[in-house]
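The following paragraphs go through a few side chains and the partners they meet. Please keep the sequence and the structure in view while reading.

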Amino acid sequence: MFKEPKNYLDDGHFFFEAGKDLENICNAPKGLPGVFKVIELRSGKINLVYLGCTKQFDKFTDNDGLYNEIVSGLHLDKNPRKLGWTYQLIKDKTDAIDVYWYVLDKKENPKKILTDLLRQHMEFYGALPKWNK
């Protein structure tokens, strides 16, 4: 199963449903690096559908960080997640998603942590999460 990243400094989560405003619901911090996972809740079942991350802190601009990556980063349909996730939930008839976020030390490389988490998922399930394809 999915392991949390090691040595994270803070964490949290929130639920998102189609028709809600992701910009208002997202409680991830702005301006901090990290990784996040998206759990799909559908018909009483849960499934990890996505693993994502921010840029490395030393490459940040004013608008970077976990909050911005979750809300405005691109979904697989090339729309910002605030739109793309709503479309995806409606299309897949998903009840909601549960987004868990983890703040990393500014010296950590979120891309490396993400790669490790994706590798763990591949080794256990034999495939990437469906939105990471």
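**Charged pairs and a histidine**

Arg42 has a relative accessibility of 27% and therefore counts as partly exposed, since that class runs from 20% to 50%. The model is a predicted one. Arg42 forms a salt bridge with the side chain of Glu40, at 3.0 Å from N to O. Glu40 is buried, its relative accessible area being 4%. The pair belongs to a wider arrangement: salt bridges with shared partners link Glu40, Arg42, Asp92 and Lys130 in one network. The count of salt bridges comes to eight.

Another of these bridges joins the side chains of Arg81 and Glu69, with an N to O distance of 3.4 Å. Arg81 is in helix α3 and Glu69 in helix α2, so the pair ties together parts twelve residues apart in sequence. Arg81 is buried at 2% relative accessibility, whereas Glu69 is partly exposed at 24%.

What lies between these two helices? The loop between α2 (66-72) and α3 (81-92) contains His75. His75 is buried, with a relative accessible area of 5%. Its side chain makes a polar contact of 3.0 Å with that of Gln88 and one of 3.5 Å with that of Trp85. Leaving aside residues up to four places away in sequence, His75 touches Arg81, Gly84, Trp85, Gln88 and Trp131.

A further salt bridge lies within helix α4 (residues 110-125), where Lys112 and Asp116 are four residues apart and thus separated by about one helical turn. Their side chains meet at 3.2 Å, N to O. Lys112 is partly exposed, at 48% relative accessibility.

How values were computed. Residues are numbered from 1 along each chain as its sequence is written. This is a predicted model: local features need pLDDT of at least 70, side-chain atom pairs count only at pLDDT 80 or more; totals for chains, interfaces and linings use all residues. Side-chain values use heavy atoms; hydrogens and water are left out. Buried means under 20% relative accessible area, exposed over 50%, partly exposed in between (1.4 Å probe, protein chains only). A polar contact is a pair of N or O atoms within 3.5 Å; within protein, one must be able to donate a hydrogen and the other to accept it, and residues adjacent in sequence count only if both atoms are side-chain atoms. Contact means heavy atoms within 4.5 Å. A salt bridge is a side-chain nitrogen of Lys or Arg within 4 Å of a carboxyl oxygen of Asp or Glu.
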